[in-house]
Amino acid sequence: MTKDTVTKEPYKWGVVTIACIAVFIIVLDSSAMNVAITTLVKDFDTTLSNIQAIIALYALIIASFLLLGSKIQDILGRKKTFLIGVLIYASGTIISTLSLNVGMLLLGWAVLEGIGAALILPATTTLVGSSYTGRDKTIAFGIWGGISAMGAAVGPIIGGVFTTYLSWRMVFGSEIIFWLLF
């Protein structure tokens with residue numbers, strides 16, 4: 001074992017851990033907020049269609065900008081693109097948490113979080129792919145995919161608990177705590 005191997009070994013799974021936290025938050029976001037639709041309609045004195053449009057727009061913006069997010073990595077680099085995405089997403093999370101009206105929720109959640117997610121998601125896959133080889137790469141992508149699926153599965157539960165017992169704002173508020181861990 002070389003000195004380099006010894007120093008890197010304790011941090012072997014650090015990249016996939018950070019990538020998994022990011023993808024978990026992004027996937028959890030839309031599934032958690034789906035259970036808060038009725039509360040959002042009431043809190044913002046708006047229509048069901050407006051809230052559903054914001055939810056759909058979040059997914060649409062992510063899908064629309066994924067290729068651009070991948071291309072930006074070629075220009076700025078994976079790490080920088082990931083960090084810029086985290087900053088944009090975190091800004092959107094703060095705006096969403098503090099939303100006073102549907103326009104703020106649209107800007108924070110659908111637009112900023114959507115653009116941030118479009119930068120983060122491709123960066124997580126390339127960071128994981130370039131950080132591991134062989135069996136470790138297979139394990140890392142398995143973990144990444146499993147955590148992503150887990151975010152979709154537990155999102156409605158977390159959203160339901162927060163919406164019922166605290167506030168829908170806590171879904172976004174808890175994301176701020178996760179982003180601060182970075």
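Lysine 12 comes out as partly exposed in this predicted model, with a relative accessibility of 26%. Its side chain doesn't sit alone: it meets the side chain of aspartate 136 in a salt bridge, at 3.1 Å from N to O. Aspartate 136 is likewise partly exposed, its relative accessible area being 23%. As a general point, side chains of opposite charge can pair when their charged atoms come close. A search through the whole structure turns up 1 salt bridge. Where do the two partners, lysine 12 and aspartate 136, lie? Lysine 12 belongs to the loop between helix H1 (3-8) and H2, while aspartate 136 is part of helix H7, so the pair ties together parts of the chain that are 124 residues apart in sequence.

The helix that follows that loop, H2, also packs against H7. Two packed helices are generally described by the angle between their axes and the distance between those axes. For H2 (residues 14-33) and H7 (residues 134-165), the angle is about 30° and the axes are 7 Å apart. Angles under 35 degrees count as roughly parallel, so H2 is roughly parallel to H7. The crossing of H2 past H7 is right-handed. And what sort of residues make up the contact of H2 with H7? They split into 17 nonpolar and 5 polar, with no charged ones.

Moving on to the loops, aspartate 45 is a bit of an oddity: its phi is positive, at about 45°, although the residue is not a glycine. Aspartate 45 is found in the loop between helix H3 (37-43) and H4. Is this residue, aspartate 45, buried or exposed? With a relative accessible area of 73%, aspartate 45 is exposed.

Serine 99 sits in another loop, the one between helix H5 (78-97) and helix H6 (102-131). Here the picture is the opposite of exposed: serine 99 is buried, with a relative accessible area of 0%. Its side chain does have a polar partner, though, as one of its polar atoms lies 3.1 Å from the backbone oxygen of serine 96.

Back in the helices, leucine 67 is found in H4 (residues 48-76). Nonpolar or not, this leucine isn't tucked away: leucine 67 is exposed, and its relative accessible area is 72%. What is the separation between the C-alpha atoms of leucine 67 and threonine 163? These atoms are 34 Å from each other, and the two residues are 96 residues apart along the chain.

Definitions and conventions. Residues numbered from 1 in each chain as written. Predicted model: local features only at pLDDT ≥ 70, side-chain atom pairs only at ≥ 80, totals over all residues. Heavy atoms only, no water. Axes fitted to C-alpha atoms, helices over the stretch in contact; angles between N-to-C directions. Helix = DSSP H or I, 4+ residues; strand = E, 2+ residues; numbered from the N terminus. Parallel < 35°, antiparallel > 145°, perpendicular 65-115°, else oblique. Left-handed = near helix turned anticlockwise from the far one by under 90°. Nonpolar A, V, L, I, M, F, W, Y, C, P; charged D, E, K, R; others polar. Salt bridge = Lys/Arg side-chain N within 4 Å of Asp/Glu carboxyl O. Buried < 20%, exposed > 50% of the residue type's maximum accessible area, 1.4 Å probe, protein only. Polar contact = N/O pair within 3.5 Å; in protein donor to acceptor, adjacent residues only side chain to side chain.
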